[in-house]
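Good morning, and thank you for making room for this. I would like to walk you through one structure, beginning with its metal site and moving outward from there.

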Amino acid sequence: MVAMKRPIILHPDPRLKKAAAAVDDLSDARRALANDMLETMYDAPGIGLAAPQIGILERLIVLDCEKGDDATPRPVIMFNPEVVALSDDMNTYEEGCLSIPEQFADVTRPAEVTVSWLDQDGNPQQEDFEGLWATCVQHEIDHLDGKLFIDYLRPLKRQMITRKMIKLKRELAREKV
Ligand code: NI
């Protein structure tokens with residue numbers, strides 16, 4: 001089966017503000033969807049993508065935070081991911097989002113997280129993440145609850161980014177005509 005790139009929804013969009021539903025049946029269609037999401041993420045390029053970002057309000061994320069030319073790719077597919085433990089240590093990363101292109105800001109989150117999920121075969125998995133992986137998995141799980149990284153910023157900064165995005169979407173819409 002050939003993976004297909006899907007269009008990524010840009011902020012602001014009501015679909016990015018909604019909570020996604022748990023996945024209770026790992027059908028072939030959902031596995032294909034996960035592969036499409038990986039294809040879309042690598043093509044962007046990005047290190048994580050959540051199903052609501054392509055308009056599917058289901059609890060599914062994909063990520064690969066192995067960066068650099070020498071890094072071995074590690075595509076991870078998570079159905080129903082859940083943070084089961086957080087460290088007291090915090091970490092600050094400059095975050096971005098494929099739904100908010102060209103905009104970046106520092107976000108502080110727990111430095112280590114334990115996440116449980118179902119893999120593409122429906123097997124339960126659990127793993128501790130740190131560094132960029134920890135930040136990324138929290139960012140993606142936030143998407144499933146309708147939360148964006150800009151929601152962590154001060155209102156003024158958030159509004160500035162949203163205004164830029166409205167302008168960008170207007171320009172993109174004009175290009176399509
Ligand atoms: Ni994002």
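Before we look at the metal site I need one term: a donor here is an N, O or S atom within 2.8 Å of the metal, and because water is not among the atoms, a site may look incomplete. Please also keep in mind that what you see is a predicted model.

With that term in hand, which protein atoms are the donors of the nickel ion? They are SG of Cys97, NE2 of His139 and NE2 of His143, and they lie 2.1 to 2.3 Å from the ion. Read along the chain, these donors follow the spacing C-x41-H-x3-H. The pair Cys97 and His139 links distant parts of the chain, since Cys97 sits in strand β4 and His139 in helix α2, 42 residues apart. Cys97 and His139 are both buried.

Let me turn to the largest pocket, which holds about 940 Å³ of space. It is lined by 39 residues, and those closest to its centre are Ala44, Pro45, Cys97, Leu98 and Pro101, so that we meet Cys97, one of the nickel donors, once more. Five elements, namely α1 (28-43), β4 (90-97), β5 (100-110), α2 (131-144) and α3 (155-176), each give at least two residues to the lining, and the largest share, 6 residues, comes from α2. By character, the lining divides into 18 nonpolar, 10 polar and 11 charged residues.

One of those lining elements, α3, deserves a closer look. This helix has 22 residues and reaches 31 Å from its first C-alpha to its last, which is close to the 32 Å expected at 1.5 Å a residue. Its buried residues are Ile161, Thr162 and Met165. Why do they belong to the same side of α3? They cover an arc of only 100 degrees around the axis, and that places them on the same side of the helix. As a general background, an α-helix has 3.6 residues a turn, so residues three or four places apart point the same way. The face of α3 turned away from the buried side carries exposed residues, and these are Leu156, Arg163, Lys167 and Arg174.

Next come some details of the backbone, for which it helps to recall that most residues other than glycine have a negative phi, and that most peptide bonds are trans. Where, then, do we find cis peptide bonds? One joins His11 and Pro12, with omega about -5 degrees, and Pro12 lies in the segment before α1. Another runs from Ala44 to Pro45, with omega near -5 degrees, and Pro45 has its place in the loop between α1 and β1 (48-50). Ala44 and Pro45 are also among the residues closest to the centre of the largest pocket.

As for phi, Asn80 in strand β3, residues 76-86, has a positive value of about 50 degrees although it is not a glycine. Glu102, whose place is in strand β5, has a phi near 70 degrees, again positive in a residue other than glycine.

Finally, is Glu102 buried or exposed? With a relative accessible area of 68%, Glu102 counts as exposed, because the cut-off for that word is over 50%. Thr40, in helix α1, is buried, with a relative accessible area of 3%. The C-alpha atoms of Thr40 and Glu95, which are 55 residues apart along the chain, are separated by 19 Å.

Definitions and conventions:
Residues numbered from 1 in each chain as written. Predicted model: local features only at pLDDT ≥ 70, side-chain atom pairs only at ≥ 80, totals over all residues. Heavy atoms only, no water. 1 Å grid on protein atoms, 1.4 Å probe; cavity = no way out; pocket = protein on both sides within 12 Å on 5 of 7 lines; lining within 4 Å. Points joined across faces, edges and corners; volume = space filled by probe spheres on them. Helix = DSSP H or I, 4+ residues; strand = E, 2+ residues; numbered from the N terminus. Nonpolar A, V, L, I, M, F, W, Y, C, P; charged D, E, K, R; others polar. Donors = N, O, S within 2.8 Å, 3.2 Å for Na, K, Ca; no water. Buried < 20%, exposed > 50% of the residue type's maximum accessible area, 1.4 Å probe, protein only. Expected span 1.5 Å × (residues − 1). Arc of directions from axis to C-beta.
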